[in-house]
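User: I'm new to this one. Could you take a close look at a single part for me, the nonpolar patch on the surface, and then show me what surrounds the topic?

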Amino acid sequence: MTDTPPPPDTPAAPPAQLPAQLPDRLSTNPKSPHYDEALLARGVGIKFDGEEKTNVEEYCVSEGWVRLAVGKTVDRKGNPLTIKLKGKVEPYLQK
């Protein structure tokens, strides 16, 4: 058995977790660098650990976490209070 690398013209395995349209990280806060208004207008759904979540403020697939709004509670600047949960994140387009 030899340990030779594959030929340079062999394509690498594509990262198949996300469709091409969805980013690894997305936020609903316009002040965030991960905010994408056009994508949010199309509708992005999130399955977190196999459950549909509707109160997701931000997600990151590669790190495996979501930020969920905690009820209707807001901080003194008017931003929703959030909790960060770790698990399997599966974003998808609703439309």
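Analyst: Let's start with Leu 81, which is partly exposed at a relative accessible area of 38% (buried is under 20%, exposed over 50%, and partly exposed in between, with a 1.4 Å probe and protein chains only). Leu 81 sits in strand β6; strands here are DSSP runs of E with at least two residues, numbered from the N terminus. This is a predicted model, where local features need pLDDT of at least 70, side-chain atom pairs need 80 or more, and totals for chains, interfaces and linings use all residues. Residues are numbered from 1 along each chain as its sequence is written, and side-chain values use heavy atoms, leaving out hydrogens and water.

Leu 81 joins Val 70, Ile 83 and Leu 85 in a nonpolar surface patch of about 290 Å². For such a patch, residues need over 30% relative accessible area and no salt bridge, and nonpolar side chains are joined within 5 Å. A salt bridge puts a side-chain nitrogen of Lys or Arg within 4 Å of a carboxyl oxygen of Asp or Glu. Strand β6, residues 80-86, gives the most to the patch, three residues.

Now for a ring: Lys 84 lies over the face of Trp 65, 4.6 Å from the ring centre, and Arg 67 lies over that face too, at 5.8 Å. That takes NZ of Lys or CZ of Arg within 6 Å of the centre and within 35 degrees of the ring normal.

Terms used. Patch = residues over 30% accessible without salt bridge, like charges linked within 9 Å, V, L, I, M, F, W, Y side chains within 5 Å. Areas by Shrake-Rupley, 256 points an atom, 1.4 Å probe, with all protein chains shown as cover. Helix = DSSP H or I, 4+ residues; strand = E, 2+ residues; numbered from the N terminus.
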